[in-house]
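Visitor: I'm new to protein structures. Please pick a single part and take me through it slowly, with the terms explained as we go.

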Amino acid sequence: MKVIAVSIPGSSYSEPVEYRLRYRYAVASALGSSEYTPQDNEHIRYFHLDTEPEPSPSCGVCSVNGVDAKITLPYEWYESSSQSEKVLVIWLNEDRIPKGKYRDFIGFLYQESKKIEPKVKKFDFSLIGPTNTALLMELINNDPIEKNAQSFRIFSASATISNNVLSKEIKHGIDHTCSNKPEDARIQCLLDERSIVRTIGQDRNLATALLWELEQRGVNRKNPIFKKDCKDQLILISEQDSLYARSLVEHFRSSLAKQCGGKEGLMTNFTYLRGLDGKLPGLDESNKKSQSEKNTQEQKNLLTPFDDASPEHAEGRNQFDYLRRLVDKIEQLGSADDNRDPIKAIGIIGIDVYDKLLILHALKDSFKHKIFFTTDLDARFLHKDQFTWARNLIVASNFDFALHPKLQGTTMPFRDSYQTSMYLATLLAVNPQATEDWVNIWMIQYSNNFQSRIILNNQFNALLVPQIFEIGRTQAIHLASPSNKFLDEWVTNPILKFTESKEIINSNCLVNNFIACNTIEPDRTKQIDWSIIYITSILLIFAAYISRGFFNRLLRNVFKPADTKQKQTRKHSLYVINEYVKSVFKTVATLLFAFLLLFLLLFSIYKDNYPTHADGEPFLWLERVSVWPNLVIRFLGVIVMILLFIYFFYHDRKQEIEAIENNFGLCKKTCLRSWPVAVRNGPFLNLPETKRTHIDHLWPEYKSAIQCKESKGYLWIFLVSAVSLGFTLYAFWGLGYLNFPARGIITFYSHYIIVTIQFFILWGLVFWVAYEAIACRQLIEGIEIDQANPNKTAWSSEMRKRQKIMTGLPVDKLNPYLHFLLITKLIKSINSIIYLPFILMLIIAIGRSDIFDNLGFSPALILVYISASAYLIAILYLLRKSAEKQCGMVLQYYEDYRMRLVATSFHQLSKIDNLLTEIRNVKQSTFVQILQRPALLAFLLPGGGIGLTSIIEYLYN
C-alpha cells in the first residue's frame with residue numbers, strides 16, 4: 001500500500017482556491033498515468049484525525065495553540081488495474097496544522113497511516129509538500145521523522161528556496177552530522193537524512209537565467225565598440241510579504257553584481273503588499289450567485305477595477321493609487337547619466353498572478369518598449385483579455401505546461417509550472433523504484449551511500465533546468481533552457497556562449513526507468529515557419545526574373561540599327577558584340593547579387609534557428625514575438641526598391657528623355673561635368689542672369705545634370721544622402737530612439753545592417769527625386785516665355801512646321817504651345833518617380849507593425865518620415881508652381897490671341913478653340929486637384945500601410 005499525503009494551502013482567497021483545484025488535477029492525472037483509478041469517482045471522503053489520542057477528562061474538545069486537536073482530512077482511494085495495490089491520497093490543509101507543529105503532525109500521520117492495513121507486505125509513505133519555504137525549514141530544523149528510511153519520502157514540489165539561503169536558516173547544532181561538509185553537500189546531507197527530495201529548481205537559477213536572457217536582448221551586453229561596461233538600469237517590483245520574492249530579489253542583485261564585475265546601483269527595487277485589488281474572501285455578494293453567474297463573471301476582464309478606479313481615490317484596501325504613483329517614480333528614474341543608461345527592463349516578482357497582471361496593466365502603456373519579465377509560467381498570461389499587457393512578457397520557469405511525452409503520457413498540458421511540478425512529484429511518489437534504482441546504481445559504483453546520494457542529487461538537478469518563455473499571441477514560446485552548470489559559469493564570465501545539442505536521445509525514458517531520462521522537457525519543435533521561407537524565396541526568385549526580363553529588353557535595344565555616325569566611327573558588328581557582352585555581364589551580375597542576398601538571408605535564419613534558437617530569435621510569423629518577419633519585409637523592400645530604381649533610372653527615365661528629344665527635335669549632346677563641379681552645383685544649371693530662350697542651349701545643360709552617370713550627378717546625391725543618414729542613425733542609436741527587440745547577435749547586427757542600407761536608400765530616393773525636380777524647375781524657368789516678345793523663336797523650324805500641320809496655326813504662333821507641351825511632358829516624367837521613396841516608407845511602416853513584434857513607431861522614425869516628406873513635397877510644390885505659372889502664361893497668350901481673331905479672322909476661331917480645349921484638358925490632367933496630386937497621394941502611402949496593419953491587428957485580436 002502507498003500513502004500519498006498532499007500538502008495544500010487552505011486559505012479562502014481566490015489564488016489558493018485555484019491552486020487546490022490545480023494540485024488535485026495534477027495528482028489525479030499522475031495516478032491515472034501510472035494506471036491507478038479511483039474507487040469512487042463521485043465523492044471525496046474524509047475522516048477526523050485526533051492529534052491527542054488520550055485527551056484529558058477535564059476538556060471537551062481540546063486544542064493545540066488555538067487549533068482544534070481533531071483535524072479533518074479529506075482522502076481518496078485509488079487502485080491499480082494491473083496489480084493488487086492501493087494508493088491512499090490524503091489532502092492536508094496546511095492552515096489547520098498548528099504553527100510549529102508541521103513536522104510533528106507529519107510524523108504522527110505517518111505512524112497512524114501504518115495502522116490502516118497492518119498486514120500489508122510493503123508500505124510506502126510519501127509527502128508531497130510543503131507548499132512554502134517556512135514549513136520546509138521547519139522540517140529541516142528538526143530531527144528526521146524517519147531517518148534514511150526507504151518507506152518514507154518527502155517530495156518538495158513547490159518550495160524553490162536556494163540551498164545557500166537554506167544554509168543560513170539552519171539552526172545551530174542541528175547539522176552536527178553534516179557540519180564538516182561543503183555548503184551544497186551539507187544541505188544535501190540534511191535533506192537526505194530527512195528523506196527530502198526536491199523536485200523543482202531553485203530561485204538562484206531562475207534569477208541567473210533571467211539575467212542571461214536579458215543579456216541576449218542587449219541588456220548589459222558588453223561590446224568592445226559600443227558598450228564596454230554594464231550601464232543599463234533595471235527595475236524590480238516585488239512582493240514585500242513573501243520570502244519567495246525577497247529571496248529572488250537578493251539572488252537577482254547578487255547575480256547582477258557578479259555579471260557586472262561588482263558594479264552596483266544598476267537595479268532599483270520597489271515592493272508592494274500582496275493583494276493589490278484589496279478584495280477579501282467571503283465579503284462580496286458574488287458568493288451568493290449561482291455557478292453559471294460566477295463563470296460568466298470570471299470571463300470578464302480581470303482588471304476592470306483598475307480601469308474604473310479613480311487615481312485620486314487614495315483610500316481603502318485596494319492599492320491602485322500606489323501603482324499610478326509608481327509609474328511617475330519610474331519615469332523619473334528613467335533618465336540616463338554618466339554611469340547609467342536609461343531603464344531597459346522591468347521585472348515583477350511575486351506569487352499572485354493577478355497582482356502581476358495588475359502591475360503589467362499599470363506600467364505597460366507608459367513603458368511600451370521596455371522588456372518586462374517575471375517568473376513561473378501560468379496559462380492566465382495567455383488569456384485574450386490580458387493580451388495587451390502580457391504580450392512579450394519574458395517568463396523564467398522551472399517547468400513548462402507539460403513534461404516529456406514519455407512522462408506526460410495522455411495527460412493534457414497543465415495550467416502552470418507548479419502544477420507540472422506537482423505532477424512530477426506524484427509520479428515519483430507512486431513509482432518509488434524510479435529513484436531507488438538511481439541510488440542503488442550509484443552505491444554500487446561508489447560504495448558509499450552518502451556519496452551516491454550526492455551524485456543522485458546532481459543528476460536530478462541537471463534535469464531541473466530553468467526554462468525561458470516569451471508570451472505570444474496564442475502560446476508561450478519556448479526560447480531556451482540553459483543548464484544550471486552553464487549559468488553558474490556564465491554569471492562570472494558573461495562572454496560564454498550557450499549551445500544546445502542537436503538531438504537529445506530520450507527513447508528509454510519511462511516513469512519507472514527515470515534514470516534513463518536525459519531530459520524531462522517536452523519535445524521542442526523547430527520554431528521556424530518554413531512556409532514563410534518558401535514564400536520569401538519565391539518572391540526573390542520572382543524579383544530576379546523581373547530583373548532578367550528588364551535586362552533582356554536592354555539586350556534587344558542593343559541590336560537596333562546603328563545610326564550613320566556609328567557606322568562611320570566604328571564597325572557596327574564589333575559595337576553590337578561589345579554592348580551585348582556588357583549587357584550579359586550586367587544581367588548575370590544582377591542575378592548573382594539577388595541570389596547572394598537570398599542566400600545570406602536564408603543562412604542567417606538557418607544559423608539563428610538551428611539546431612535551436614537558444615541564443616537567437618525564433619522565426620514565427622504572427623505570434624508577435626519575432627523580429628524576423630520585420631527583417632524579411634525590410635530585406636524584400638530593399639531588393640524591390642533597388643530593382644525599381646534600376647528600372648526607372650536606367651530604363652524608364654532614359655526612354656522618356658529620348659522620347660522628348662525625338663518628339664521635340666532637341667539636341668542629343670550631353671555636356672560632361674567634372675567631379676568638383678558636380679558636387680558643387682548638383683541639380684542647379686549654369687544659367688546666366690538673363691534667361692536664355694532657345695531650348696538648344698538649355699537642353700544639353702539640363703541633361704548634364706540629370707544624366708548622373710555621365711555628369712557625375714550621383715556624387716551630390718550620395719553626399720547629401722550620407723549626411724542625412726548620419727543624422728538619422730544618430731537619432732536612432734545615439735539617442736536610443738529606435739526600438740527593435742532583437743534577441744541574439746544575428747538579428748541584432750542584421751537590423752543594424754538593414755536599417756543602414758534602407759535609410760541610405762530612402763534618403764537616396766528622396767534626394768534623387770528632389771534632384772530631378774530641381775533640375776526640371778531650373779529648365780522650366782530657363783525657357784520662360786518672354787513677355788515682351790512671346791513670338792520670339794526658341795524651337796527649330798522643323799519642329800514648328802510639324803506642329804503647324806497638327807494644329808493649323810501659323811508657325812510664329814506655336815512657340816508658347818511647344819513650351820507648354822515640353823513642360824507637361826517633363827512634369828509627367830517627374831510624377832512617375834514621386835512614389836518611389838514613399839513606397840519604401842510604406843514597406844518600413846508595414847514591417848514595424850505590432851502584428852509581428854513589439855516594434856511600433858518611435859518619435860525619431862516619425863521625425864525622419866516627416867522631414868523626408870516635407871522636403872520632398874516642398875521641392876515638388878515649387879516645381880508645380882513654376883510649371884503652372886508657365887502654363888498659365890501660355891493659356892493667357894492664346895486666349896488673348898483668340899480675342900484678336902474675333903475681330904480679324906473669324907474663320908480661324910475653330911482652330912484656336914480646339915487648341916485652347918486641348919491645353920485646358922492637358923493642364924487639368926497634369927495639374928490635378930490637391931487631393932489627387934501625386935505628391936500628396938504618395939505621402940499618404942505610409943499612412944495607408946499603418947492603417948491596414950492596424951485593421952489586420954484588430955481582426956487578429
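Guide: Happy to, and we'll start with cysteines. Cys 776 has a relative accessibility of 0%, so it is buried (under 20% relative accessible area; exposed means over 50%, and partly exposed lies in between, with a 1.4 Å probe and protein chains only). Cys 887 is buried too, at 0%.

Before we go on, a word about what you are viewing: this is a predicted model, where local features need pLDDT of at least 70, side-chain atom pairs count only at pLDDT 80 or more, and totals for chains, interfaces and linings use all residues. Residues are numbered from 1 along each chain as its sequence is written, and side-chain values use heavy atoms, leaving out hydrogens and water.

Now to our chosen part, the disulfide (a pair of cysteine sulfur atoms within 2.5 Å). The count here is one: Cys 230 is joined to Cys 260, with 2.4 Å from S to S. The link is left-handed, at -90 degrees about the S-S bond. Its two ends are 30 residues apart and tie distant parts of the chain. Cys 230 sits in the loop between helix H6 (203-216) and strand E11 (233-239), while Cys 260 sits in the loop between helix H7 (243-259) and strand E12 (267-272). Helices (H or I, at least four residues) and strands (E, at least two) are DSSP runs, numbered from the N terminus.

Both ends can be placed by accessibility as well: Cys 230 is buried at 0%, and Cys 260 is buried at 5%.
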